[in-house]
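Q: I've got a fold to go through before my next meeting. Can you walk me through it?

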Amino acid sequence: MTMKLQVNGSPREVDAEPEMPLLWALRDVLGMTGTKYGCGIAQCGACSVLVDGVVTRSCVTPVGSVAESKITTIEAMEEDALGQKVVAAWVKHQVPQCGYCQSGQVMAAVSLLKENAHPSEEDVRAAMINLCRCGTYNAIHAALSDLAGHAGKETA
């Protein structure tokens, strides 16, 4: 079945069954391999993309359910002003180690900052729930604190 998707601002056609996970439509059908497979059960977040601006686990999202939505992947972050800032903060704070989960981490951070440009420490903790096998959580927190404008400030 051919479906029309809006991916990174461009119309795309995918030949897939509606129940195929969005992750596989992106990776296997469209060849967009920046979004990673991690667990397949929406627990780790490596597969995170934005659907209408909201961070979404693509491994459990049927492609048929997003045919009318705007899908944004890590590949579009170089074109997004906020995405560029997030990636620059990731570099500044040397966040990635192995890097496998980082596309999902960046997408979660962009989603958070698009919703709330100055999230509190609690907002950051609540939003940044993707798993990182390398344990780069302190660096992720430092990068987001910097982006949120409260880097170096004491918190209660």
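What follows covers the sheet, one helix and one serine.

A: Sure. Keep in mind that this is a predicted model.

Q: Start with the sheet. What is the strand order?
A: The order is β2-β1-β5-β3-β4. These five strands form an open sheet with mixed pairing.

Q: Which strands sit at the edges?
A: β2 (10-15) and β4 (54-57). Each of them pairs on one side only. On average, neighbouring strands are turned by 45 degrees against each other, direction ignored.

Q: Which helices pack on that sheet?
A: α1 (residues 22-29) is one of them, and it touches β1 (2-7), β2, β3 and β5 (70-72). The direction of α1 makes about 105 degrees with that of β3. α3 also packs on the sheet, touching β3, β4 and β5. For α3, the angle with the direction of β3 is about 35 degrees.

Q: Let's zoom in on β3. How many bridges does it make with β4?
A: Four, in the antiparallel sense. β3 covers residues 48-51. Across from L50 you find V55 of β4, and across from S48 you find R57.

Q: And the β5 side, parallel or antiparallel?
A: Antiparallel, with two bridges joining β3 to β5. There L50 stands opposite T72.

Q: Where do the β3 side chains point?
A: S48 and L50 go one way, V49 and V51 the other. All four are buried. In a regular strand, side chains alternate between the two faces of the sheet.

Q: What about the β3 and β4 hairpin, any odd backbone angle there?
A: Two residues lie between the strands, and D52 takes a positive phi near 50 degrees.

Q: New topic: S111. Where is it?
A: In helix α3.

Q: Why does it count as buried?
A: Because its relative accessibility is 8%, and the cut-off for buried is under 20%.

Q: What does it touch?
A: Leaving aside neighbours within four places in sequence, S111 contacts L50, G53, V54 and V55. A polar atom of the S111 side chain also lies 3.2 Å from the backbone nitrogen of V55. That V55 is the residue opposite L50.

Q: Now α2. Does its length agree or disagree with the expected span?
A: It agrees. Twelve residues, 81-92, at 1.5 Å a residue should span 16 Å, and the end C-alpha atoms are 16 Å apart.

Q: Which of its residues are buried?
A: G83, V86, A89 and W90. Seen down the axis of α2, they fall within an arc of 125 degrees, so they line one face of the helix.

Q: Why would that spacing give one face?
A: An α-helix has 3.6 residues a turn, so residues three or four places apart point the same way.

Q: What covers those buried residues?
A: The cover includes α3 (102-115) and α5 (137-148).

Q: And which residues are exposed on the other side?
A: A81, K85, V91 and K92 are exposed there.

Q: Last one: what happens at the two ends of α2?
A: At the start, a side-chain oxygen of D80 comes to within 3.0 Å of the backbone nitrogen of L82. Just after the helix, Q94 takes a positive phi of about 50 degrees.

Technical notes. Residues numbered from 1 in each chain as written. Predicted model: local features only at pLDDT ≥ 70, side-chain atom pairs only at ≥ 80, totals over all residues. Heavy atoms only, no water. Expected span 1.5 Å × (residues − 1). Buried < 20%, exposed > 50% of the residue type's maximum accessible area, 1.4 Å probe, protein only. Arc of directions from axis to C-beta. Contact = heavy atoms within 4.5 Å. Polar contact = N/O pair within 3.5 Å; in protein donor to acceptor, adjacent residues only side chain to side chain. Pairing = 2+ DSSP bridges. Axes fitted to C-alpha atoms, helices over the stretch in contact; angles between N-to-C directions.
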